[in-house]
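Biologist: I am new to this structure and would like to understand the words people use for it. Could you walk me through them?

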Amino acid sequence: MNSSTLPIVAVLGIGRMGLPMASRLCQAGFTVHAWNRTPAKAQPLATLGASVHAQVQDAVRGADIVISLLENGPVVEDVLFAQGAAQAMKQGALVVDMASIKPAEARDHAARLQALGVQHVDAPVSGGTVAAEAGTLAIMAGGETTDLARAAPVLQHLGKTVHVGPHGAGQLAKLANQMIVGITIGAVAEALLLCAKGGADMAKVREAIGGGFAQSRILELHGQRMIDRDFAPRGSMTVQRKDMRNALATAQELGFEAPITTLFEQLYSEGIEHGLADKDHSGLFLELARRNGMA
């Protein structure tokens with residue numbers, strides 16, 4: 001497609017993920033309209049040619065595709081419906097919600113948008129800011145095949161998209177991702193701390209087991225952060241807990257028992273209560289270290 005045939009895109013939520021993703025779309029030649037609750041955070045996009053709006057209705061009014069990168073389900077609902085974004089969208093517009101919210105919330109939003117003549121895809125992502133900057137995000141999409149095809153020219157600049165099922169299924173896949181990430185962070189932290197308590201070198205242990213079945217991105221990246229005691233937020237403890245809680249709420253709706261996720265929600269909560277709210281989610285290491293007198 002040339003620039004005259006590219007869809008017009010609005011991006012709502014210009015934070016740690018939204019800024020690099022919107023920047024990539026500007027650089028790919030899309031006409032981008034941006035809105036953020038704190039307008040100053042969106043201003044860097046203006047230098048790339050984006051139109052930055054103070055009112056969300058103005059950002060979405062002419063857009064073919066509206067990308068949501070908002071904080072959570074209640075915020076998505078507030079921006080779309082209470083603040084009037086959905087009502088300002090043109091008939092036939094497509095909302096691609098890339099926030100991490102509950103599957104039930106995604107299904108509800110899809111139905112309410114469709115009643116207004118607007119289509120919906122839930123497409124949460126994994127990979128963090130590094131993948132957002134590189135355009136290599138894992139995108140888990142739920143919705144209609146035809147709507148995903150419409151979104152493809154945009155999403156291809158952000159990462160790899162896999163259609164996992166109907167509305168809400170993308171959010172289910174993201175919950176699965178976050179359950180595995182959060183639980184594995186705990187396993188890596190506990191294992192490395194045990195080795196340190198017994199007198200082994202954590203860095204050498206990580207190197208030794210890296211070639212076996214324990215190898216993972218979590219051991220590679222988060223394990224190194226634990227060794228370096230580098231807990232500057234890429235992901236965050238609070239977001240990880242939110243995702244665990246969404247997983248548990250969804251499990252309850254489905255009548256599914258999730259004892260491992262229940263335990264880790266408690267561990268992340270206790271870490272947050274002990275002052276780790278602003279740390280990277282690998283900061284669970286610090287909570288486990290505190291429990292063992294190793295902080």
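Modeller: Here is a conversation about how values lead to descriptions in this predicted model.

Biologist: Let's begin with two helices. Why are α12 and α13 called roughly perpendicular to each other?

Modeller: The axes of α12, residues 259-276, and α13, residues 284-291, cross at roughly 85°. Angles of 65 to 115 degrees count as roughly perpendicular, and therefore α12 and α13 get that description. Their axes come within 9 Å.

Biologist: Which residues make the contact between α12 and α13?

Modeller: From α12 there are F264, L267, Y268, E270, G271, H274 and L276, and from α13 there are L284, L286, E287, R290 and R291. Sorted by class, the contact has 6 nonpolar, 2 polar and 4 charged residues.

Biologist: Now to burial. Why is Q240 called buried?

Modeller: Q240 has a relative accessibility of 0%. Buried means under 20%, so Q240 counts as buried. Q240 sits in helix α11, residues 237-254. Leaving out residues up to four places away in sequence, Q240 touches Q178, V181, G182, Y268 and H281. Y268 also belongs to the α12 side of the contact with α13.

Biologist: What makes T129 buried?

Modeller: The value for T129 is 16%. With the cut-off for buried at under 20%, T129 counts as buried too. T129 is found in helix α6, residues 128-134, and touches R16 and M17 once neighbours within four places in sequence are set aside.

Biologist: And what about R229, which is called partly exposed? How do you know that?

Modeller: R229 has a relative accessible area of 41%. Buried is under 20% and exposed is over 50%, with partly exposed in between, so R229 is partly exposed. R229 lies in the loop between α10 and α11.

Biologist: What is notable about the phi of R229?

Modeller: Phi of R229 is near 55°, a positive value in a residue other than glycine. For background, most residues other than glycine have a negative phi.

Biologist: Turning to α3, how do you know that its buried residues line one face of the helix?

Modeller: The buried residues of α3, which spans residues 73-82, are G73, V76, V79, L80 and F81. Viewed down the helix axis, they fall within an arc of 165°, so they line one face. P74 and A82, on the other side of α3, are exposed.

Biologist: What caps the N-terminal end of α3?

Modeller: N72 does, with a side-chain oxygen 3.0 Å from the backbone nitrogen of V75. A polar contact needs a pair of N or O atoms within 3.5 Å, and 3.0 Å is the distance here. Just after α3, G84 takes a positive phi of about 85°.

Biologist: F81 was on your list for α3. Why is F81 called buried?

Modeller: F81 has a relative accessible area of 11%, and under 20% is the cut-off, so F81 is buried. Beyond residues up to four places away in sequence, F81 touches A86, Q87, H109, R112 and L113. F81 and R112 are 31 residues apart in sequence, and their C-alpha atoms are 8.9 Å apart.

Biologist: What puts the buried residues of α9 on the same side?

Modeller: M202, V205 and R206 are the buried residues of α9, residues 202-209. They cover an arc of only 100° around the axis, which puts them on the same side of α9. They pack against α8, α10 and α13. On the other side, K204, E207 and A208 are exposed. At the start of α9, a side-chain oxygen of D201 reaches to within 2.9 Å of the backbone nitrogen of A203.

Biologist: Finally, a strand residue. What makes I67 buried?

Modeller: I67 belongs to strand β4, residues 65-68. The relative accessible area of I67 is 2%; buried means under 20%, so I67 is buried. Not counting residues up to four places away in sequence, I67 touches several residues, including V9, V11, L25, V96 and L158.

Methods: Residues numbered from 1 in each chain as written. Predicted model: local features only at pLDDT ≥ 70, side-chain atom pairs only at ≥ 80, totals over all residues. Heavy atoms only, no water. Axes fitted to C-alpha atoms, helices over the stretch in contact; angles between N-to-C directions. Helix = DSSP H or I, 4+ residues; strand = E, 2+ residues; numbered from the N terminus. Parallel < 35°, antiparallel > 145°, perpendicular 65-115°, else oblique. Contact = heavy atoms within 4.5 Å. Nonpolar A, V, L, I, M, F, W, Y, C, P; charged D, E, K, R; others polar. Buried < 20%, exposed > 50% of the residue type's maximum accessible area, 1.4 Å probe, protein only. Arc of directions from axis to C-beta. Polar contact = N/O pair within 3.5 Å; in protein donor to acceptor, adjacent residues only side chain to side chain.
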